[in-house]
Structure formats: C-alpha cells, structure tokens
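Please find below my comments on the model, set out as numbered points. They deal with how the helices pack, how the sheet is built and how the aromatic rings pair.

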Amino acid sequence: MIYIHIGLQKTGTTSLQYYLDKNNLLKFPIDPVKYTKINNDLFYSSGNQEFFYRCRKNNLKETDFQNLLMKDTIITCENFSNPGDNLKSLKNLLSYLSKTKKIFTIILTRRDFEDYCKSMYAEAVTNSFVCEMRSFNIYRNYLERYVNQLNKLLIDYPVKKFNYSKEINFQIIEFITSNKFI
C-alpha cells in the first residue's frame, strides 16, 4: 500500500513527519522546515521537497513508490495541500498513481475551518517572509475556495480524513500500521 500524507498546514503535519522520519517509516527523509517560493508566493513547508518538485514537474519514477525495506510506502509533504501550488503537484501525482494502477490511500489531515483560517492568517501576517496584506475576510474567502477545490479533486480518490486533535498523529499511525498505538 502507498500512503500519501497531504495534510493541510496547521494540522499537526510537521510533528507527524518528524515521528515517521525518526522511526524510519518514510520513503523519503523529510527536509528541514523551510520557506519555499512558487509563483511568487513564499510559504512555509515541510516534508520531502525533492519529491514534491518532481511531482510538480511531472517527473515521477516507478522507484518513487517502491519500498524494499517495508511492505508499505509512506510519502508526506504538506506542499501538496498548500494553496500556493494550486494543486498542480497533487494533480500530477494522482494522475501518475491512477495511470500506473497503484494501490494508494491519501491521508488528509484537516481542522475546523474557522480555526484553520485564523491560524493560517495569524502566521501569514506575522511572518516576515510572507507579510500577508489582505484583510482576514478576503484571506478566509481565498482559503475557502482553495479547500473546496481540494475536496472536489479528492472526491474520486481513496481518502482517509483525520480531524485535528491531540490524538491525530496516534490515529494516523494506528491507521497506517493497523496496530494500536500506546
């Protein structure tokens, strides 16, 4: 099974990525947290950027989805769900997986929409790299359109959704490993 974690930012994605990386469960090691520029938008990102950029360029290989050490392949990058990419990389990835008939599940982490908007906006206006200048309502509408586009894209694919909570990472790990997490 291939698990593609595309969790929205501000939903515990980074802590999950660190846990998976520390326990050698990821296909690709995570990169240090950094800021990434796409289409003149600068945004915070975590996960494996090399794989993300290959998806963006539609330059995927069969070996990207094989894991000789384990029966499952786990790939994570929150950039797949970052509005700055406009879903381009995720569309390329899903097209490749479908075309090559790979068995996969998308893991989507989400959060109460109003809390998500407030958290994203707070980071955007206080972040010296991003320096968000739109009003909260305009930014919220932007995020709402984006989340609706993401949900519309994912409707035709196998998705397991997890809601943000203190237990979210335990729930995801239990789902992936089929073991109770203690």
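**Notes on packing in the predicted model**

1. Helix 4 and helix 5 lie oblique to each other, because their axes cross at roughly 120°, and the axes come within 10 Å. This is a predicted model, and the remarks on all the points that follow should be read with that in mind. The crossing of helix 4 and helix 5 is right-handed.

2. On the side of helix 4 (residues 113–126), the contact with helix 5 is made by Phe113, Glu114, Tyr116, Cys117, Lys118, Met120, Tyr121 and Ala124. Helix 5 (residues 136–154) contributes Phe136, Tyr139, Arg140, Leu143, Glu144 and Val147 to this contact. Sorted by class, the residues in the contact of helix 4 with helix 5 are 10 nonpolar and 4 charged, with no polar residue.

3. The structure holds 13 aromatic pairs, and one of them deserves a comment here. The ring centres of tyrosine 121 and phenylalanine 136 are 5.3 Å apart and the ring planes stand at 80°, so this pair is edge-to-face. Since tyrosine 121 belongs to helix 4 and phenylalanine 136 to helix 5, the pair ties together parts that are 15 residues apart in sequence. Both residues also appear in the contact listed for helix 4 and helix 5.

4. How are the strands of the open sheet ordered, and is their pairing parallel or antiparallel? The sheet is formed by 4 strands in the order 4-1-5-6, and the pairing is parallel. Strand 4 (73–76) and strand 6 (159–163) are the edge strands, each of them pairing on one side only. On average, and with direction ignored, neighbouring strands of this sheet are turned by 20° against each other.

5. Within this sheet, strand 5 (residues 104–110) runs parallel to strand 6 and is joined to strand 6 by 5 bridges. Arginine 110 stands opposite asparagine 163, which is in strand 6. Helix 5 packs on the sheet, where it touches both strand 5 and strand 6, and the direction of helix 5 makes about 160° with that of strand 5. Helix 5 thus has contacts with helix 4 as well as with the sheet.

6. Turning to the N-terminal helix, the axes of helix 1 (residues 13–22) and helix 6 (residues 168–177) come within 10 Å and cross at roughly 45°. That angle makes helix 1 oblique to helix 6, and the crossing of the two is right-handed. Ser15, Leu16 and Tyr19 of helix 1 meet Asn169, Ile172 and Ile173 of helix 6 in this contact. By class, the contact of helix 1 with helix 6 comprises 4 nonpolar and 2 polar residues, and no charged ones.

7. A further helix pair is formed by helix 2 (residues 49–56) and helix 3 (residues 88–99), whose axes come within 7 Å and cross at roughly 80°. Helix 2 and helix 3 are therefore roughly perpendicular to each other. Their contact is made by Phe51, Phe52, Cys55 and Arg56 of helix 2, together with Lys88, Ser89, Asn92 and Leu93 of helix 3. The residues of the contact of helix 2 with helix 3 divide into 4 nonpolar, 2 polar and 2 charged.

Conventions. Residues numbered from 1 in each chain as written. Predicted model: local features only at pLDDT ≥ 70, side-chain atom pairs only at ≥ 80, totals over all residues. Heavy atoms only, no water. Axes fitted to C-alpha atoms, helices over the stretch in contact; angles between N-to-C directions. Parallel < 35°, antiparallel > 145°, perpendicular 65-115°, else oblique. Left-handed = near helix turned anticlockwise from the far one by under 90°. Contact = heavy atoms within 4.5 Å. Nonpolar A, V, L, I, M, F, W, Y, C, P; charged D, E, K, R; others polar. Pairing = 2+ DSSP bridges. Phe/Tyr/Trp six-rings, centres within 6.5 Å; stacked < 30°, edge-to-face > 60°.
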